[in-house]
Amino acid sequence: MELRRVVITGLGAVTPIGNTVSEFWNALCKGVNGAGEITRFDSSKFKTRIACEVKNYDPQQFFDHKESRKLDLYTQFAIIASDEAIKDSNINEDNTDFNEVGVVFSSGIGGINSFYEEVANYVAGDGTPRYNPFIIPKLLPDLAGGHVSIRNGFRGPNFSTVSACASSANAITEGYNYVRSGMFPVMVVGGSEAAVSPPAMGGFESMRAMTTRNDDMMTASRPFDRDRDGFIMGEGCGCLVLEDLEHALARNAKIYGEIVGCGLSSQAYHITAPHPEGLGAMMCMQRALKDAGLETTDIDHINTHGTSTPAGDTSEALAISKLFGDHVKNMPINSIKSMTGHLLGGSSAIEAIATVLSLRDGIIPPTINHFNDDPTIDPNLDIVYWEARKKEMTYAISNAFGFGGHNASIIFKKY
């Protein structure tokens, strides 16, 4: 089979630090922090009372009241981000056969808050079931992609990938494989999450996965720092339009960058904990390099998963050190979760956007909130702290890891 080159021709984003791609990217490069006190519910009795919420969001700017009541917040974010990406790509029925456009859109949890609210209302009532007729479509994690497909008339494959916090990396990988195999010329891919809600916050809190640094919320997310104590929950969506290079050139499309390899693996170790030796993370990066036909020394930058959990950051850092050896001194790494928080199933999508724009502009956004080096992390790792760094680059990796042992690495190339 002759594999096609796959390029990125459209981007869309709704994030805690910007509600468009340009806002998001500018904020990243400036080291803007998206943390704040939770406004979506009364969190006064929770151990974690902070999150990275999407700011200045009014659904009435995008949906009429009747429509917005049918859509969970995670689906609203997906529609808005995909609208931006599709408009940005300029695919239309004059230059693209919509029968040949597919959608792979992910969510780790889906409409968890809609489900919670319906159950809470039922429990508080007299036992008579009075459920919203849209509750099932609101909670299913595949419905974001369903809405994107229906809204635009895309009749190619349409499904969701669910692999916890690696979900949107898997969505990108699936879209990449469909395009490079020549099966479909255009795939709209991404991930969305809106889990700042009592059950999600309470669940992660009980696992001790989230920070409790409520009184110091602007420095609470501390990837790779000695005193990190867990992630900050984030919300939002990222969307990318992937396209066959020949198809993109034929319609004179703007090209942001290229995907050249993907690697997947399983920790096969524990349902939530990373492998202590970084085995799964190392394997997926190795497989991505093999898929791309590259050597470790070809990689110029890694956008890490970097959640700010004690075990997770140590495991990923160890995997990078083992695989790349002395080259780590020449390969800056970062974690944008220090600014955006952890968008769970949506994180890989916004991090893919950040990686693509890093290559395009030659800028690596910083990892903010670093105060003390962690003695368990290789001191030779070149972690970009506090301020963005300029660097001309050709290849970069974006990593994603999820509960269940799911690992994914994607290699992007400057176009």
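These legends walk through several close-up views of a predicted model.

**View 1. Strand E7 sits inside the structure, with nine of its nine residues buried.** Strand E7 covers residues 236–244, and because every one of its nine residues is buried, the strand is largely enclosed by the rest of the structure. In a regular strand the side chains alternate between the two faces of the sheet. Here, Gly 236, Gly 238, Leu 240, Leu 242 and Asp 244 point one way from E7, while Cys 237, Cys 239, Val 241 and Glu 243 point the other way. Whichever way they point, all of these residues are buried.

**View 2. Strand E1 pairs with E7.** Look here for strand E1, residues 6–14, which runs antiparallel to E7 and is joined to E7 by eight bridges. To find your place, start from Val 7, whose bridge partner in E7 is Glu 243.

**View 3. Strand E6 pairs with E7.** Strand E6 takes in residues 186–193 and is linked to E7 by eight bridges, again in an antiparallel arrangement. A handy landmark is Gly 190, which stands opposite Cys 239 in E7.

**View 4. Arg 251 meets Glu 243 of E7 in a salt bridge.** Side chains of opposite charge can pair when their charged atoms come close. In this view, the closest N and O atoms of Arg 251 and Glu 243 are 2.7 Å apart. Are these two residues buried or exposed? Both Arg 251 and Glu 243 are buried. Arg 4, Asp 244 and Glu 246 are also worth finding: salt bridges with shared partners join them into one network.

**View 5. Asp 229 and Arg 213 form a salt bridge.** Their side chains meet at 3.3 Å, N to O. Asp 229 and Arg 213 each lie in the loop between helix H8 (198–206) and E7, so the pair ties together parts that are 16 residues apart in sequence. Asp 229 is partly exposed, with a relative accessible area of 24%, whereas Arg 213 is buried, at 18%.

**View 6. Asp 313 of helix H11 reaches a salt bridge with Arg 228.** The N to O distance for this pair is 3.6 Å. Asp 313 belongs to helix H11 (residues 310–324) and Arg 228 to the loop between H8 and E7, so their contact ties together parts that are 85 residues apart in sequence. Asp 313 and Arg 228 are both buried. For the wider picture, the structure holds 19 salt bridges.

Technical notes:
Residues are numbered from 1 along each chain as its sequence is written. This is a predicted model: local features need pLDDT of at least 70, side-chain atom pairs count only at pLDDT 80 or more; totals for chains, interfaces and linings use all residues. Side-chain values use heavy atoms; hydrogens and water are left out. Buried means under 20% relative accessible area, exposed over 50%, partly exposed in between (1.4 Å probe, protein chains only). Helices (H or I, at least four residues) and strands (E, at least two) are DSSP runs, numbered from the N terminus. Two strands pair if DSSP finds at least two bridges between them. A salt bridge is a side-chain nitrogen of Lys or Arg within 4 Å of a carboxyl oxygen of Asp or Glu.
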